[in-house]
Amino acid sequence: MNRFRQTRGFTLVETVVTLAILAIFLAATGGILLSSMDIFSRAASQNEMKMAGDAVYSYYENILSCAMTVTSDADVQETGGLKVREGTLYYCPPGGDTFSDVYGEDFYHGCTLGVSLSLSGVTMTLTVTVTNANGASYEKASVFKLLNIAAGVPGADASGFTASDTGEVYFTLEPTAAEAP
């Protein structure tokens, strides 16, 4: 008679203990995993806001720093325009009559855009704010020179501009026919 019996497989107790240890391990690491996913989601949202804010800031700066005239008067003929309505940037080319969305709806990823402008001499202060649905925001602000106006180019003028909290500004990029050499 064989006193040693051969066992194959696990007993029920061994299986239950293994499952209990595995459940405890998953419960402990599951919370960490979920919180890290939330951190990545917030970081992605911050990056999207930063990219949108920087792009809008660059758009304003590139146009306005080289403008011949900068004004707040929407009735001036042959001007282009930039403005923010309902959190979206709109552009009207010089000589155009309608404003169109610059980047399209998908660009903002559900964020709202805000732009404010102020002028002091030949320097313009530009502040761009992007806010998401959760209330988090990104802001970029700095001062840049209006190059043609600073250089004293004939016909270059910013005397018609007053501060704008809506990002509304009108400009000409080339001298008018009367000012051109």
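## A ring at the surface boundary

Phe107 has a relative accessible area of 24%, so the residue counts as partly exposed. The cut-offs explain the label: buried means under 20%, exposed means over 50%, and partly exposed lies in between. The model shown here is predicted.

Tyr108 has a relative accessible area of 6% and is therefore buried. The label of Tyr108 is thus not that of Phe107: Tyr108 is buried, whereas Phe107 is partly exposed.

## The chain as a whole

What does the protein chain contain? It has two helices and nine strands. Read from the N terminus, the order is α-β-β-β-β-β-β-β-α-β-β. A helix thus begins the series, and two strands end it.

The chain is stretched out. Its C-alpha trace spans about 120 × 30 × 25 Å along the principal axes. The radius of gyration is 30 Å, while a compact globule of 181 residues would have one near 16 Å. One pair of residues gives a sense of the distances. Phe171 and Leu19 lie 71 Å apart, C-alpha to C-alpha. In sequence, 152 residues separate Phe171 and Leu19.

## Burial, surface and charge

How much of the chain is buried? Of its 181 residues, 29% count as buried. The accessible surface comes to about 11,600 Å². Carbon and sulfur atoms hold 58% of that surface.

Contacts often join distant stretches of sequence. Take the contacts with a separation of 6 or more: 60% of them come from residues 24 or more positions apart. Charge is spread unevenly. The chain has 9 positive and 19 negative charges. The mean positions of the two sets are 29 Å apart.

## The aromatic cluster

How many aromatic pairs are there? The count comes to six. One of them joins Tyr91 and Phe171, which are stacked, with 6.3 Å from centre to centre and 20° between the planes. This pair bridges distant parts of the chain, since Tyr91 sits in strand E3 (residues 88-92) and Phe171 in strand E9 (residues 169-172). The two residues are 80 apart in sequence. Tyr91 is buried, because its relative accessible area of 18% is under 20%. Phe171 is buried too, with a relative accessible area of 0%.

Phe107 and Tyr108 make an edge-to-face pair. Their ring centres are 5.2 Å apart, and 85° lies between the planes. The rings also form a wider group. Ring pairs link Tyr59, Tyr91, Tyr103, Phe107, Tyr108 and Phe171 into a cluster.

## Two buried loop residues

Thr79 lies in the loop between strand E1 (69-71) and E2. Is Thr79 buried or exposed? Its relative accessible area is 7%, so Thr79 is buried. Leaving out residues up to four places away in sequence, Thr79 touches Pro93, Pro94, Gly95, Tyr170, Phe171 and Thr172. That list includes Phe171, the ring that stacks with Tyr91.

Asn132 also lies in a loop, between strand E6 (123-131) and strand E7 (137-145). At 12% relative accessibility, Asn132 counts as buried. Which residues does Asn132 touch, not counting those up to four places away in sequence? They are Ser45, Met49 and Cys111.

## Two positive phi angles

Most residues other than glycine have a negative phi. Two loop residues are worth checking against that background. Glu86 is not a glycine, yet has a positive phi of about 50°. Glu86 is found in the loop between strand E2 (80-85) and E3. At 83% relative accessibility, Glu86 counts as exposed, because the value is over 50%.

His109 likewise has a positive phi of about 50° and is not a glycine. Where is His109 found? Its place is the loop between strand E4 (100-101) and strand E5 (112-120). His109 counts as partly exposed, at 45% relative accessibility.

How values were computed:
Residues are numbered from 1 along each chain as its sequence is written. This is a predicted model: local features need pLDDT of at least 70, side-chain atom pairs count only at pLDDT 80 or more; totals for chains, interfaces and linings use all residues. Side-chain values use heavy atoms; hydrogens and water are left out. Helices (H or I, at least four residues) and strands (E, at least two) are DSSP runs, numbered from the N terminus. The radius of gyration is taken over C-alpha atoms; the globule rule is 2.2 Å times the number of residues to the power 0.38. Buried means under 20% relative accessible area, exposed over 50%, partly exposed in between (1.4 Å probe, protein chains only). Contact means heavy atoms within 4.5 Å. Accessible areas come from the Shrake-Rupley method with a 1.4 Å probe; for residues, only the protein chains shown count as cover. Lys and Arg count as positive and Asp and Glu as negative; His and the chain ends are not counted. The place of a charge is taken as NZ of Lys, CZ of Arg, CG of Asp or CD of Glu. Rings of Phe, Tyr and Trp (its six-membered ring) pair if their centres lie within 6.5 Å; planes under 30 degrees apart count as stacked, over 60 as edge-to-face and the rest as tilted.
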